[in-house]
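Open the model in your viewer and keep the selection box at hand. This tour goes stop by stop: what to select, then what is there.

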Amino acid sequence: MTAPIPRDIPDLPAVPGMPALFASPVPATAVVAPYRRPAAAVYRLLVALVAAAAVAADLFLGSPIRVLTYFTIQSNILLALVMLATARRAWTARRPLSALVTGAALLYITITGLVYHLILAHASTPFAMTGGTTAPTGWQAVTNQILHTVTPIAAVLDWLLLTAPGRLHLRMAATWLLYPLTYLAVYLARGELILPGTPGRYLYTFLDVEHHGYKSVLGNALLLGLAFYALSVLLVALDHARPNPIRHRAKAGFRLQPPVG
């Protein structure tokens, strides 16, 4: 048996207007189908292999512990790892690597190239490394050019020609400086642990406490830190001003797809 339907049903309150629809962010990968980029993947893989080979050659030709202490070597190792990861993502059509990581690798390798060519490689500058040391020859000369010239240029070309713009942000600039600050602290602590007069106690002339003292070294570090921050801000500004080199023509119509990656 069913219950009788009551004669008097209370009226429902009127709905005041249409209910508002709340915006729901949808990732681009759910609307536009991801696509592979084999050319970018091959280029980045080659850059990673060249950087890794040059680092390995330097480790074989010199003292591994001392070689790994150089900012040049560390920045090239980071670049090789980032290039390898971005090559895999471009080949498999996965989401791009975090801009915080790729921007850091770009900044550090750019610093490596600029400091070398503007300060260390010129005999006219007071901090040149050419005056007190013998110029590298043979394979060391080759790896020296690869680590200070080839890989920085290759990283900048990848950023300009193979990377979508607008991914770098100003808030990342301060975070990127944490590694140079950490490197400076470890570098100075290493110098204190090595006996005075030991060759290679301080690797960079502008950070040589034994010859210039802490006051001058910290002043040089402050000037370099300000220059590095200005460079990071410039990279962010250029990243938002440059055109998109990888604009992908979408087919007419689209269908929702789950995110890839």
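Which element gives the largest share of the nonpolar patch? Hold that for a moment and take in the whole chain. This is a predicted model.

**Whole chain**

Show the chain as a cartoon. The secondary structure comes to 9 helices and 0 strands. Read from the N terminus on, the elements run α-α-α-α-α-α-α-α-α. The chain has 261 residues, and 35% of them count as buried.

**Stop 1: the nonpolar patch**

Select Val42, Leu45, Leu46, Leu49, Leu84 and Trp91, and turn on the surface. These residues form a nonpolar patch, with about 570 Å² of accessible area together. Two elements, α2 (38-61) and α4 (71-92), each give two or more residues to the patch. Now the opening question can be settled: α2 provides the largest share, 4 residues.

Pick out leucine 45 from the set. Leucine 45 sits in helix α2. Its relative accessible area is 37%, so leucine 45 is partly exposed: that value falls between the 20% limit for buried and the 50% limit for exposed.

**Stop 2: α2 against α4**

Keep both helices of the patch on screen and hide the rest. How far apart are the axes of α2 and α4? The axes are 8 Å apart, and the two helices pack at an angle of about 155°. That angle makes α2 roughly antiparallel to α4, because angles over 145 degrees count that way. The crossing of α2 and α4 is left-handed.

Now label alanine 56. Alanine 56 also has its place in helix α2. With a relative accessible area of 42%, alanine 56 is partly exposed. Draw a distance from its C-alpha atom to that of isoleucine 77. The two atoms are separated by 9.9 Å, while the residues are 21 apart along the chain.

**Stop 3: a salt bridge from α2 to α6**

Bring the full chain back and show charged side chains. How many salt bridges does the count come to? The count is 3.

Start with arginine 44 and aspartate 158. Their side chains meet in a salt bridge, at 2.7 Å from N to O. Arginine 44 lies in helix α2 and aspartate 158 in helix α6 (residues 138-162), so this pair ties together parts that are 114 residues apart in sequence.

Are these two partners buried or exposed? Arginine 44 counts as buried, at 7% relative accessibility. Aspartate 158 is buried too, with a relative accessible area of 8%. The reason is the cut-off: buried means under 20%.

**Stop 4: the other two salt bridges**

Select arginine 201 and glutamate 210. Their side chains meet in a salt bridge, at 3.5 Å from N to O. Check how much of each partner is covered. Arginine 201 is buried, with a relative accessible area of 9%. Glutamate 210 counts as partly exposed, at 37% relative accessibility.

Move on to aspartate 239 and arginine 242. This pair forms a salt bridge, with the closest N and O atoms 3.0 Å apart. Both aspartate 239 and arginine 242 are buried.

**Stop 5: α5 against α9**

Select residues 99-120 and residues 209-241. These are helix α5 and helix α9, whose axes come within 11 Å and cross at roughly 125°. The two helices are therefore oblique to each other. Their crossing is right-handed.

Stay with α5 and label leucine 106. Leucine 106 lies in that helix. Leucine 106 is buried, with a relative accessible area of 6%. Next, draw a distance from its C-alpha atom to that of proline 152. The separation is 7.9 Å, for two residues 46 apart along the chain.

**Stop 6: the loop between α4 and α5**

Finish at alanine 93. Where does alanine 93 lie? Alanine 93 is in the loop between α4 and α5. Look at its backbone: phi is positive, about 60°, although alanine 93 is not a glycine. At 11% relative accessibility, alanine 93 counts as buried.

Terms used:
Residues are numbered from 1 along each chain as its sequence is written. This is a predicted model: local features need pLDDT of at least 70, side-chain atom pairs count only at pLDDT 80 or more; totals for chains, interfaces and linings use all residues. Side-chain values use heavy atoms; hydrogens and water are left out. Patches are made of residues with over 30% relative accessible area and no salt bridge: like charges are joined within 9 Å, nonpolar side chains (Val, Leu, Ile, Met, Phe, Trp, Tyr) within 5 Å. Accessible areas come from the Shrake-Rupley method with a 1.4 Å probe; for residues, only the protein chains shown count as cover. A salt bridge is a side-chain nitrogen of Lys or Arg within 4 Å of a carboxyl oxygen of Asp or Glu. Buried means under 20% relative accessible area, exposed over 50%, partly exposed in between (1.4 Å probe, protein chains only). Axes are lines fitted to C-alpha atoms, for helices over the stretch in contact, and angles run from 0 to 180 degrees between N-to-C directions. Angles under 35 degrees count as roughly parallel, over 145 as roughly antiparallel, 65 to 115 as roughly perpendicular and the rest as oblique. A crossing is left-handed if the near helix is turned anticlockwise from the far one by less than a right angle, and right-handed if clockwise.
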